[in-house]
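Load the model and keep the sequence beside it. We start at one loop residue, then turn to a strand pair, then to the whole chain.

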Amino acid sequence: YLCSRIASIKLVKLPLPPGPKTDWLGNVVDVPRVRPWFTYAQWKDVYGDLIYIRVFGNPILVLNSAAVTSDLLEKRGVKYSSRPVRTMIVELIGWDWLVSAFPYGSRWQAHRIMIHRHLPPNESSVKCHPLQVQEGRALCRRLLDSPRDFRYHIRKTAAAIVLKMTYGQRVGTGDDYITLADKALASLAQAGIFGTFLVDYIPLLKYAPAWFSFQRQALEWRKHTREMVDLPFATVKEELAQGIASKCMVSEELEHRSGSANSTEESTVKNVAATMYAAGADTVVSALSAFFLVMALHPEVQARGQEDIDKVIGHEQRLPLFTDRPRLPSIDYICYEVIPLFVISLSNLTCFVTAAIKMATCDSSRVRSLPWGLNLFDCVPEEDVYKGYRIPKGTTVLPNVWAILHDPEMYPDPLKFNPERFAPENRANGLNQLPDPAFGFGRRLCPGKYLAFDTLWIVVASVLAVYDITKEMDENGKPKEPVVEFTPHSLRLVTNVIVDFQAYLSVSSHPIPFGCTITPRSAAARELIVQTDLDA
Ligand code: HEM
């Protein structure tokens with residue numbers, strides 16, 4: 001007992017990690033509301049890779065390099081994988097089913113195991129490939145009919161893959177679910193910012209009578225949140241009872257239990273399915289939108305990808321398949337370089353920040369990224385010591401993914417959009433590592449990583465095989481520069497997020513609406529789009 005007392009006294013004496021000065025309330029005053037990750041990256045020169053700040057009294061530790069992120073979130077994953085419970089969002093509005101918001105523990109683990117049954121942790125989910133090929137082709141068809149609606153089409157593509165996989169629903173019949181999910185996800189956008197409601201600061205207020213306005217609001221949102229989880233699940237259950245259910249995650253899990261799932265098992269299936277949609281649809285939309293934007297801006301990159309596709313399959317008069325992938329590395333490079341362009345968020349901390357970024361709009365200055373931010377994150381459940389610093393219990397940890405993916409020592413000329421950086425000859429000495437930090441770290445690493453990347457790959461390959469993406473023309477026939485800015489996050493679809501401190505984390509960012517022209521590359525390409533079977 002004495003030893004542990006002495007150890008804890010010693011711990012208290014250890015210094016906190018360095019960080020900027022605080023005001024008399026203990027808050028850091030000069031954290032910008034917009035793109036704080038840039039400021040954190042700049043503070044690296046002054047304070048180093050670990051920066052400790054306080055906001056509204058809450059301790060926050062920013063991790064500014066891949067090395068410290070790996071040390072804490074990966075090597076000490078047991079301590080650094082939890083999430084704080086947020087009163088308004090989780091307890092009152094009912095986002096208690098969102099796996100990405102679960103505190104670390106056995107409940108999270110049971111859900112995670114089920115996710116891995118359907119999304120293998122270290123490899124592509126090959127059984128999803130036919131669906132992804134099909135949706136890539138369907139997208140090409142839709143683009144032919146109404147190319148100007150490309151944003152709407154890619155949203156359908158992303159939703160279709162996750163919906164079919166989880167609930168066996170096709171988009172069309174699944175559109176109702178998309179609307180339902182949008183309504184629920186909108187509550188995250190509106191209530192997610194920590195502090196929007198007083199109950200975030202004073203959790204005891206959750207016991208306030210139902211006539212309080214925040215309670216009424218929470219109740220209304222709760223209805224949508226519950227419906228998002230319950231309704232599609234009930235539909236699959238009903239279809240199973242009638243013997244007409246398609247093969248999908250929910251039907252497989254329920255069949256596996258031969259209809260005798262207990263209520264805990266049933267709720268695990270429900271939660272996992274709804275989380276996959278919440279986590280997987282909007283993030284992929286961000287990626288695909290960013291792809292169209294950079295293709296309009298970088299015709300030379302597009303031409304290089306098309307040239308490779310033509311060499312590999314052009315003469316076969318067909319659209320790409322996953323089996324072509326080993327021979328089409330340039331498509332992989334484009335996808336890798338697109339990933340740091342959009343933001344995902346995740347997190348129990350968050351933002352609402354204007355992640356609007358000026359990406360390069362002209363030939364000379366190409367910016368490789370930006371609206372990105374800090375990856376989500378974890379709260380420390382017990383005091384820890386790292387590099388001689390004390391990390392207090394309850395500290396929220398923010399890995400600054402932007403800084404990691406734009407570290408000039410790792411990614412030379414990091415703001416240049418340059419897919420070729422990922423070619424083997426440019427990756428010697430640990431340079432230009434794949435942008436894996438975009439998918440998180442350690443035990444909470446995104447389980448949809450391979451699914452997401454495969455979707456991106458097949459869409460990029462299919463679209464480039466048959467379309468040219470160019471800037472729109474103005475009334476004088478001159479190219480119009482697309483608006484190159486990113487939203488702080490999608491107002492309608494905020495995925496994966498438990499939003500916390502305003503200006504501390506970015507959620508999910510999309511390019512703000514921009515125009516581009518999408519035309520078939522040739523008459524043969526048009527014919528190919530029309531003639532190709534959707535099924536691979
Ligand atoms: C480009 C697309 C995507 C990106 C960039 C992305 C990124 C992330 C990140 C950064 C996290 C948090 C990881 C952490 O806490 O360290 C996460 C969590 C998660 N993602 Fe993704 N994701 C994407 C697509 C998907 C897809 C398609 C799915 C599934 C269909 C998915 C399912 C999940 C789930 C279930 C979690 C929660 C994991 C947990 O808390 O244990 N994601 N994602």
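**From a loop to the whole chain**

Pro18 sits in the loop between helix H1 (2-13) and helix H2 (36-47). Helices (H or I, at least four residues) and strands (E, at least two) are DSSP runs, numbered from the N terminus. Residues are numbered from 1 along each chain as its sequence is written. The model is predicted: local features need pLDDT of at least 70, side-chain atom pairs count only at pLDDT 80 or more, and totals for chains, interfaces and linings use all residues.

Is Pro18 buried or exposed? Pro18 is partly exposed, because 13 other C-beta atoms lie within 10 Å. The cut-offs are 20 or more such atoms for buried, 12 or fewer for exposed, and partly exposed in between, with C-beta atoms placed from the backbone.

Which residues does Pro18 touch? Beyond its neighbours within four places in sequence, Pro18 is in contact with Tyr47, Gly48, Ile51 and Tyr52. Contact means C-beta atoms, placed from the backbone, within 7 Å. Tyr52 is 34 residues from Pro18 along the chain, yet their C-alpha atoms are separated by 5.8 Å.

Now go to strand S6 (residues 467-470). Tyr467 and Ile469 point to one face and are buried. Asp468 and Thr470 point to the other face and are not buried. In a regular strand the side chains alternate between the two faces of the sheet. S6 pairs with strand S7 (residues 517-520) in the antiparallel sense, over four bridges; pairing requires at least two DSSP bridges. Tyr467 stands opposite Pro520 in S7.

Zoom out. The protein chain has 17 helices and seven strands. Of its 536 residues, 48% count as buried. Among its contacts between residues at least 6 apart in sequence, 77% join residues at least 24 apart.

Terms used. Contact = placed C-beta atoms within 7 Å.
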